[in-house]
Amino acid sequence: MLDNIPYLPYAISAFIGIGLAAATGFRVFLPMFAVSLASYMGWIPMNESFQWLSGLPTLITTGIATVVEILAYYIPFVDHILDTMSVPLATVAGSVMFASQFADIGTFPQWALALIAGGGTAAAISSGFAGTRAASTATTGGLGNSVVATTETAGAGIMSFLAIAAPFIAFICAIILLVVVLVLGRKIWKKFRNFNSDRNAKTIDVEVVERKSLE
């Protein structure tokens, strides 16, 4: 019955691609490892253009990169360095993950859709959590960064699983995530900006008091 629905395969591919792109917004390599493992085990098909994702070398490489990336976000200062690179890397990874589901529609539309839908989704989520980490560092002195890192890893794992096992649910979750990032991201940025303004004002007040005392 479902086979008679027009363009259903393309819709499912889009759901999978968006779900995987959203996952790369949390962690760059974990979704790639999930896809590599699933295709290597034969759980999901992989077209000829992306057969390299199904290979053992890719599986091992992405597996090691996943572990290193997850652990690195628990190291102070290193997590900030990764944040500076996370958005462009997530954009590339999200585009690749999305494109891997649309290899039969032509090269130009394939990568155009991949960059807009896949890369855009990944970049939005990645930048949102990078901002959250910056706010966490400013307000908690970095103590809350481990909570943010754990949340990101869990989000990447859940979204990767849903994208492969339940594409439609993954798509809905990705849309909700984008809305949350856009709405809460603005609120967090405003609080972060107000926090810095208050801190600068207090610093200026202290300097004025010290100057008056010296006089």
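This report describes the helices of a predicted model, the packing between some of them, and a few individual residues.

**Overall make-up**

The protein has seven helices and zero strands. Along the sequence, the order of elements is α-α-α-α-α-α-α. Of the 215 residues in the protein, 41% are buried. Among contacts with a separation of 6 or more, 68% are between residues 24 or more positions apart. The exposed surface of the protein comes to about 12,100 Å², and carbon and sulfur atoms supply 73% of that area.

**Helix packing**

Three helix pairs are described here, and the table lists their geometry.

| Helix pair | Angle between axes | Axis separation | Citation |
|---|---|---|---|
| α1 and α6 | about 165° | 8 Å | |
| α2 and α3 | about 150° | 8 Å | |
| α2 and α6 | roughly 35° | within 9 Å | |

Helix α1 covers residues 8-26, and its axis lies 8 Å from that of α6 at an angle of about 165°. Because of this angle, α1 is roughly antiparallel to α6. The two helices make a left-handed crossing. On the α1 side, the residues in contact are I16, G19, L20, A22, A23 and F26, and on the α6 side they are E152, G155, A156, M159, S160 and A163. By class, the residues of this contact are eight nonpolar, three polar and one charged.

Helix α6 covers residues 145-165 and also packs against α2, residues 29-40, where the axes come within 9 Å and cross at roughly 35°. This crossing of α2 and α6 is right-handed. From α2, the contact takes in L30, P31, A34, V35 and A38, and from α6 it takes in T153, A156, G157, S160 and I164. Seven of the residues in the contact of α2 with α6 are nonpolar, three are polar and none is charged. A156 and S160 of α6 appear in the contact with α2 and again in the contact with α1.

Helix α2 also packs against α3, with the two axes 8 Å apart at an angle of about 150°. Angles over 145 degrees count as roughly antiparallel, so α2 and α3 are classed as roughly antiparallel. Their crossing is left-handed. In α2, the contact is made by F29, L30, M32, F33, S36, L37 and Y40; in α3, the residues are L56, T58, L59, T62, G63, A65, T66, E69 and I70. The contact of α2 with α3 contains ten nonpolar, five polar and one charged residues. L30 of α2 takes part in the contact with α3 and in the contact with α6.

**Buried residues: T66 and S86**

T66 belongs to helix α3, which covers residues 56-72. Its relative accessibility is 7%, so T66 counts as buried. Leaving out residues up to four places away in sequence, T66 touches F29, L30 and F33. These three residues are also listed among the α2 residues in the contact with α3.

S86 is located in helix α4, residues 78-99. With a relative accessible area of 8%, S86 is under the 20% cut-off and is therefore buried. Beyond its neighbours within four places in sequence, S86 is in contact with V28, Y73 and S126.

**Exposed residues: F77 and L115**

F77 sits in the loop between α3 and α4. The phi angle of F77 is near 75°, which is a positive value in a residue other than glycine. F77 has a relative accessible area of 58%, so this residue is exposed.

L115 is part of helix α5, residues 107-140. L115 counts as exposed because its relative accessibility is 53%, and the cut-off for exposed is over 50%. Although L115 and S95 are 20 residues apart along the chain, their C-alpha atoms are separated by 5.1 Å. S95 is also among the residues that L115 touches, together with T91 and G120, when residues up to four places away in sequence are not counted.

Definitions and conventions. Residues are numbered from 1 along each chain as its sequence is written. This is a predicted model: local features need pLDDT of at least 70, side-chain atom pairs count only at pLDDT 80 or more; totals for chains, interfaces and linings use all residues. Side-chain values use heavy atoms; hydrogens and water are left out. Axes are lines fitted to C-alpha atoms, for helices over the stretch in contact, and angles run from 0 to 180 degrees between N-to-C directions. Helices (H or I, at least four residues) and strands (E, at least two) are DSSP runs, numbered from the N terminus. A crossing is left-handed if the near helix is turned anticlockwise from the far one by less than a right angle, and right-handed if clockwise. Contact means heavy atoms within 4.5 Å. Ala, Val, Leu, Ile, Met, Phe, Trp, Tyr, Cys and Pro count as nonpolar, Asp, Glu, Lys and Arg as charged, and the others, Gly among them, as polar. Buried means under 20% relative accessible area, exposed over 50%, partly exposed in between (1.4 Å probe, protein chains only). Angles under 35 degrees count as roughly parallel, over 145 as roughly antiparallel, 65 to 115 as roughly perpendicular and the rest as oblique. Accessible areas come from the Shrake-Rupley method with a 1.4 Å probe; for residues, only the protein chains shown count as cover.
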